[in-house]
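Let's take a stroll through a protein model and look for its hidden spaces and its surface. Have the picture open while you read.

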Amino acid sequence: MDLLLGQTVRFSSDPFKGPVSDCVSHETRGAIAVENGLIRDIGTADQLKSDYPQAKITDYGDALLSPGFVDTHVHYPQTAIIASWGKRLIDWLNSYTFPEESRFGDAGHATAVAETYFNLVTASGTTTTVSYCTIHPESVDAYFTAAQKRGLRVLGGKTCMDRNAPDNLVDTAQSAYDDSKALLGRWHGQDRLSYVITPRFAPTSTPEQLEALGTLWSENPDLLMQTHISEQHEEIAWVADLFPDAKDYLDVYERFGLFGPGALLGHAIHLTDRERDRIRETDASLIHCPTSNMFIGSGLFDMHGLMEQGHRIGLATDTGGGSSFSMLRTMAAAYEVGQLNGHPLHPAQLWWLATEGSARAIRMEDKIGTLAPGSEADIAVIDLSSTPGIAQRSARAEDIWQAVFPTIMMGDDRAIQAVWANGVCLKS
């Protein structure tokens with residue numbers, strides 16, 4: 001057994017639904033007992049040292065012991081093109097994304113990028129990712145193999161496209177179904193891996209392909225399904241032209257069986273009132289990608305209004321349209337978007353979104369995203385004084401959230417002192 005010592009913060013309830021003081025418990029000298037890949041116990045350092053006298057102790061001092069971050073929407077194949085200049089969504093796809101993704105039929109290239117990607121995100125404290133791969137089965141195999149080697153809990157799937165993409169990046173309705181079915185049979189439920197049905201978005205799939213993927217989901221209802229919705233106005237107009245009989249963007253997915261409680265809808269910036277009501281009624285998940293939304297000029301996600309309405313929301317980097325691999329930077333961007341919308345988020349709300357809230361969005365809050373006994377032992381150890389600028393500000397903090405907030409706004413991988421995944425220390 002391992003006993004990790006440091007500060008701990010635990011959420012007893014959703015900080016969007018009540019005063020933060022009623023939702024959070026903080027131990028300045030806390031401890032987490034880890035055994036067989038799980039969190040066995042959490043409490044004060046004195047109590048757990050007494051209860052588990054034979055445990056191996058790792059003392060992280062004043063560092064914060066947090067659940068590992070959960071990144072609910074990424075494109076790992078875009079790792080090498082992150083921070084590419086000057087495009088909006090459709091131009092971004094044609095100029096950067098599609099040329100890069102066309103390389104992933106090469107298993108060696110896919111493996112090299114997957115290894116780089118997981119090195120970068122693990123260094124940033126992220127222990128769970130939900131990724132779009134490419135149309136190539138090799139890209140899925142590389143992603144899951146690299147994660148499995150590290151003992152990570154990750155989700156992902158083959159991105160399906162059969163129109164409005166380069167010839168070397170399109171499949172068919174049948175091959176999308178067949179490849180996805182074969183891949184989920186190979187990977188879903190292996191160790192800590194989960195397959196996600198993945199149509200890129202409505203403009204790059206024919207009705208026949210959307211119907212085939214809807215059929216696959218109906219045959220495997222325990223899976224999640226991920227796609228994009230209402231990211232930019234040009235995209236919404238494009239969908240309306242391609243599907244003139246649909247009520248709106250969401251109706252396209254619903255018509256083909258690609259909408260339900262397990263849907264992960266990326267971006268969701270420009271939803272109609274009908275779409276917002278229908279998504280809430282169905283309890284599908286919305287995924288907020290703030291660095292991407294600002295970098296590509298998409299717009300401002302209505303976190304306050306959607307949370308008030310009762311939506312299930314996750315947080316994500318959207319690598320590589322997003323401009324950082326770090327969930328700290330993503331939290332900072334979510335704060336800035338909230339400020340622009342007139343509703344700045346509390347640090348506790350930001351931290352919850354990056355951990356338990358995102359785990360809830362992907363229906364895994366019983367496994368990850370918390371420090372509860374029985375949860376899988378994915379833990380990020382956060383140095384709250386990682387740089388001189390952060391240290392001098394956090395030294396003036398009057399409570400834990402004043403100490404955490406400078407790291408949210410200014411922190412990077414230097415703030416990640418250690419990372420544990422499945423009870424094993426991956427970074428120290």
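Here is a short tour of two cavities, one surface patch and a couple of residues.

A quick word on ground rules: this is a predicted model, where local features need pLDDT of at least 70, side-chain atom pairs count only at pLDDT 80 or more, and totals for chains, interfaces and linings use all residues. Residues are numbered from 1 along each chain as its sequence is written, and side-chain values use heavy atoms, with hydrogens and water left out.

**The cavities**

Rolling a probe the size of a water molecule over the atoms shows where empty space is left. A cavity here is a set of points on a 1 Å grid over the protein atoms alone where a 1.4 Å probe fits but cannot get out, and lining residues have an atom within 4 Å of a point. The volume is the space filled by probe spheres set on the points. How many cavities of 30 Å³ or more are there? The count is 2.

| Cavity | Volume | Lining by type |
|---|---|---|
| Largest | about 130 Å³ | 5 nonpolar, 5 polar and 3 charged residues |
| Second largest | about 70 Å³ | 5 nonpolar, 5 polar and 1 charged residues |

For those types, Ala, Val, Leu, Ile, Met, Phe, Trp, Tyr, Cys and Pro count as nonpolar, Asp, Glu, Lys and Arg as charged, and the others, Gly among them, as polar.

The largest cavity has 13 lining residues, and His 75, Leu 89, Leu 93, His 228 and Glu 231 lie nearest its centre. Helix 3 supplies the largest share of that lining, 3 residues. (Helices are DSSP runs of H or I with at least four residues, numbered from the N terminus.)

Around the second largest cavity you'll find, among others, His 288, Phe 301, Asp 302 and Asn 341. Helix 12 (303–309) and helix 13 each give two or more residues to this lining, with helix 13 giving the most, 3 residues.

**Out on the surface**

Helix 13 spans residues 327–340 and includes Leu 340. Leu 340 is exposed (over 50% relative accessible area, taken with a 1.4 Å probe and protein chains only), because its value is 60%. Leu 340 also joins Met 294 and Leu 300 in a nonpolar surface patch with about 260 Å² of accessible area together.

Back in helix 3 (residues 89–101) sits Asp 91. Asp 91 is partly exposed (between 20% and 50%), because its relative accessibility is 44%. Its C-alpha atom is 9.9 Å from that of Ile 296, although the two are 205 residues apart along the chain.

Key
Patch = residues over 30% accessible without salt bridge, like charges linked within 9 Å, V, L, I, M, F, W, Y side chains within 5 Å. Areas by Shrake-Rupley, 256 points an atom, 1.4 Å probe, with all protein chains shown as cover. Salt bridge = Lys/Arg side-chain N within 4 Å of Asp/Glu carboxyl O. 1 Å grid on protein atoms, 1.4 Å probe; cavity = no way out; pocket = protein on both sides within 12 Å on 5 of 7 lines; lining within 4 Å.
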